[in-house]
Amino acid sequence: MKSSAGIGRRSFFARTGALAAVAGSLEQLSAAQKRRGARPNNIIFMVSDGMNPSVLTLAEHFSRITRQKGTVWHELYHRPEAARGLMDTASLNSLVTDSSASSSAWGSGSRIWNGMVNMLPDGTELTPIATVAKQQKKRMGLVTTASATHATPAGFAAVVKSRADEPGIARQYSRNVDVVMGGGAAYFEPGKRRDGQDVPADYAKAEFAVVRNKQEMLAARKSHKILGIFFDGQMPYTVDHRNDERLQLEVPTLAEMTEVALESLSQSREGFLLQVEGARIDHAAHNNDAAALLWDQLAFDDAILTVLRFAEKNPDTLIVITSDHGNSNPALSSMSSKYGGTEACFERLALARRSFELMTPLLGSKAEYTMAIESNSPAAKTAAEKIRQVVEDSLGFTPSDAHVDLIRRSLAGQSGVALNYQLDKPVGVMGLVAGHHNGIQWVSTSHTSDYTLVTAIGPGSDRFQGIVRNTNCFRHMCDFMGSNFRNPEMDPEKAKQVMRAMRLPEPHFHWV
Ligand SMILES: [Zn+2]
């Protein structure tokens, strides 16, 4: 068999190595999917949240620079066994979707308004895919690097009017999910919830093993049900995790959580549905933080490898890998008149040791810069020096005086520092400055309407070829689980009428 690159399989694997560990799995998956009417027993739905299609290329280059090998997802594009398509991610009220509407479209088969979770604008509750899975005796898992109650996992299992109701979502999973892992202790723990309710105790009563760090998680890997909550809010960015020994000891990676979830869920012969979300790719894109984005994309790629290894032993497994929407559309742009020198700039990304999320607080308070900006005083010089040092220490390049001044003005709250109004804030300006050194440019700090990538392998993967409407994923998953259940749908005009009749303002949140 030849790969599309025209290289025999053996030499292909020898050249790249990214799939060498799972070569057998691809052959078995290929054989399994070709059986007549093949239907998977297990479905693993992987979401690189907010991953613009351009990130596939950037992650491939970044992986080769930092790990001397390519990515698994990129390599799947060479494989004739894998189905390839584009995901149409629109929501009921916008071409630009948010995570809750996008995941709810996969999880209910209905397009809904941005900001809601498995609910039509008139309050009609939809049945999420996790409930269908339970009815079909399948086991259900949610693994994420966001809070476990964040929009993407919630879209498969919860029903709430607003995605912001994370305390409410935390209480819902115990009825239709068997394995829940991620951050979000703030929404589970009695000392942190406003209502003081001990949600983990409720899960323990429902026979969940409750784990709060990596060691406890590994010890509970044989448990039938697991609630793993490893961080207060979102889990740390990979770039911060890999530079902090304490985090590495205590907080599991996405691949490690995925491995334990698979071990737990696969104890039943009835099969399972598992959603795996690399959530912080989206958050890094909102922050225009290229290094944080790419390290998290590589962590997501490690989880793909974990899943392929599982499929090697369990060829009745369908793997779908996709994203819920684009975000800020990062791209490596030419860094000279004849495009030369661009790679040298891109390589500087590997020098970053800290996410913008951790770097920004080190820069100090707005008041510090408001004072400093008004004069040429020693305070202004101290403020500028602090910015230069923190940026140098965090990102591995030295900003020019002009760039330090732009950052200083933005931190002071001045508007007009960047003419693109979305970029006109400290992280946007930081992204622009960093772009002068690493070559990555951004169009915004928000979601975009682009079709996203979808790659599928295993029995049933042929349904994910071509343009895939997000809602059809629910139908395919129901079919695979032997259910013909369908939720009600609402067309966009009817949705607008309902909202007007109810005199409800259109939801307006800061989407993350
Ligand atoms: Zn999203």
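**Close-ups of a buried helix, a core and a sheet**

**View 1. Helix H21 and its buried residues.** Pro426, Gly428, Val429, Met430, Gly431, Leu432, Val433, Ala434, Gly435, His437 and Asn438 are the buried residues of H21; "buried" means that 20 or more other C-beta atoms, placed from the backbone, lie within 10 Å of a residue's own. This is a predicted model, where local features need pLDDT of at least 70 and side-chain atom pairs count only at pLDDT 80 or more, while totals for chains, interfaces and linings use all residues. Residues are numbered from 1 along each chain as its sequence is written. With 11 of its 13 residues buried, H21 is largely enclosed by the rest of the structure. Helices here are DSSP runs of H or I with at least four residues, and strands are E runs of at least two, numbered from the N terminus. Right after H21 comes Gly439, with a positive phi near 85 degrees.

**View 2. The largest nonpolar core.** Such a core is a set of buried Ala, Val, Leu, Ile, Met, Phe, Trp, Tyr and Cys residues joined through C-beta atoms within 7 Å. This one has 136 residues, and Met46, Leu294 and Ile319 have the most contacts inside it. Helix H15 (residues 290–313) chips in the largest share, 15 residues.

**View 3. The open sheet.** Its 10 strands run in the order E5-E6-E4-E3-E7-E1-E8-E13-E2-E14, with mixed pairing; strands pair if DSSP finds at least two bridges between them. At the edges sit E5 (209–211) and E14 (466–469), each pairing on one side only. Look inside for E4 (residues 179–183) and E6 (residues 226–229), which pair in the parallel sense over four bridges. There, Met181 has Gly228 in E6 as its bridge partner.

Technical notes:
A residue is buried if 20 or more other C-beta atoms lie within 10 Å of its own, exposed if 12 or fewer, and partly exposed in between; C-beta atoms are placed from the backbone.
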